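Trainee: Could you take me through one part of this model slowly, and then show me how it ties in with its surroundings? I'm new to it, so please explain the terms as you go.

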Amino acid sequence: MNEVFARAAEIGARLKARGETVGVAESSAGGLVSTGLLAMPGASAYFVGGAVVYTAQARGALLGITAAEMAGLRSSSEPYALLLARTVRARFGTDWGIAETGAAGPAGNRYGDAAGHSCLAISGPVERVVTLETGSTDREANMRAFTLALLDLFGHALDG
């Protein structure tokens, strides 16, 4: 976890110095992205809120994403990750929205993705979307890998 905290502290310091804010929507990372960003003292200067969107029920209740918005999308995909990032950014009124969705393991998800699959997205002044495949069935290791990958992607987005 130290690597997560170190990476998140660097992101938090950059956001704080820039006067920018972030909202987080995460799924298979299970809250580790938010935990990392909140571990730094003064996180309230940049962290507005986060949601662990683990089910369709949570997606509707926490982010207000409707069935109509999901038409033609499937969870654990790049377009869905971008929808999450854009939605959390809009709903929280932040400069940045970041999102992660996937399958931590040890088995794959109901959409046919293997354990270790995650789609990551950033929405802000720039947008980024990537898919990560760890090839691992280790749930805890995948959760850490998804978190670090999203923080890295966010750091690159902050670079422009």
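Mentor: Look at one side of helix H3 (56–63), and you'll find Gln 57 and Ala 61 exposed. Exposed means over 50% relative accessible area, buried means under 20%, and partly exposed is in between (1.4 Å probe, protein chains only). Helices (H or I, at least four residues) and strands (E, at least two) are DSSP runs, numbered from the N terminus.

Before going on, keep in mind that this is a predicted model, with residues numbered from 1 along each chain as its sequence is written. Local features need pLDDT of at least 70 and side-chain atom pairs count only at pLDDT 80 or more, while totals for chains, interfaces and linings use all residues; side-chain values use heavy atoms, with hydrogens and water left out.

Back to H3: its buried residues are Ala 58, Arg 59 and Leu 63. They sit on the same side of the helix, because they cover an arc of only 105° around its axis; the arc is taken from the directions from the helix axis to the C-beta atoms. What do the buried residues of H3 pack against? Their partners are two strands, S1 (22–26) and S2 (47–52), and two helices, H4 (67–70) and H5 (78–92). Just past the end of H3 comes Gly 64, with a positive phi of about 70°.

H3 also takes us to the largest pocket, whose volume is about 350 Å³. A pocket here is an open set of points on a 1 Å grid over the protein atoms alone, where a 1.4 Å probe fits, with protein on both sides within 12 Å along at least five of seven lines; lining residues have an atom within 4 Å of a point. The volume is the space filled by probe spheres set on those points. This pocket has 21 lining residues, and Ser 27, Tyr 54, Gly 102, Asn 109 and Tyr 111 are the closest to its centre. Helix H3 and strand S3 (96–103) are the elements that give two or more residues to the lining, and S3 gives the most, with 3. By type, the lining has 8 nonpolar, 10 polar and 3 charged residues. For that split, Ala, Val, Leu, Ile, Met, Phe, Trp, Tyr, Cys and Pro are nonpolar, Asp, Glu, Lys and Arg are charged, and the others, Gly among them, are polar.

S3 is worth following further. Thr 101 belongs to this strand and is buried, at a relative accessible area of 3%. Contact means heavy atoms within 4.5 Å. Once residues up to four places away in sequence are set aside, Thr 101 touches several others, including Ser 27, Ser 76, Ala 81 and Cys 119.

Two of those partners deserve a look. Ala 81 is in helix H5 and is buried too, with a relative accessible area of 0%. Its C-alpha atom is 6.0 Å from that of Cys 119, though the two are 38 residues apart along the chain. Leaving out neighbours within four places in sequence, Ala 81 is in contact with Ala 99, Thr 101, Cys 119, Leu 120 and Ala 121. Ser 76, in the loop between H4 and H5, counts as buried at 3% relative accessibility. Its phi is near 60°, which is a positive value in a residue other than glycine.

Beyond S3, in the loop between S3 and S4, you reach Pro 106. The peptide bond leading to Pro 106 from Gly 105 is cis, with omega near 10°.

Now for the inside. A nonpolar core is a set of buried Ala, Val, Leu, Ile, Met, Phe, Trp, Tyr and Cys residues joined through side-chain atoms within 4.5 Å. The largest one has 25 residues, and Val 22, Leu 37, Ile 98 and Phe 154 touch the most other members. At least two residues of this core come from each of H1 (2–18), S1, H2 (32–38), S3, S4 (117–123) and H6 (139–158), and H6 supplies the largest share, 8 residues. Apart from this core lies another, of 16 residues, with Leu 84, Ala 85, Ala 99 and Cys 119 among them.

Finally, go back to S2, one of the strands that H3 packs against. Gly 50 lies in S2 and is partly exposed, with a relative accessible area of 41%. Beyond its neighbours within four places in sequence, Gly 50 is in contact with Val 24, Ser 34 and Phe 92.
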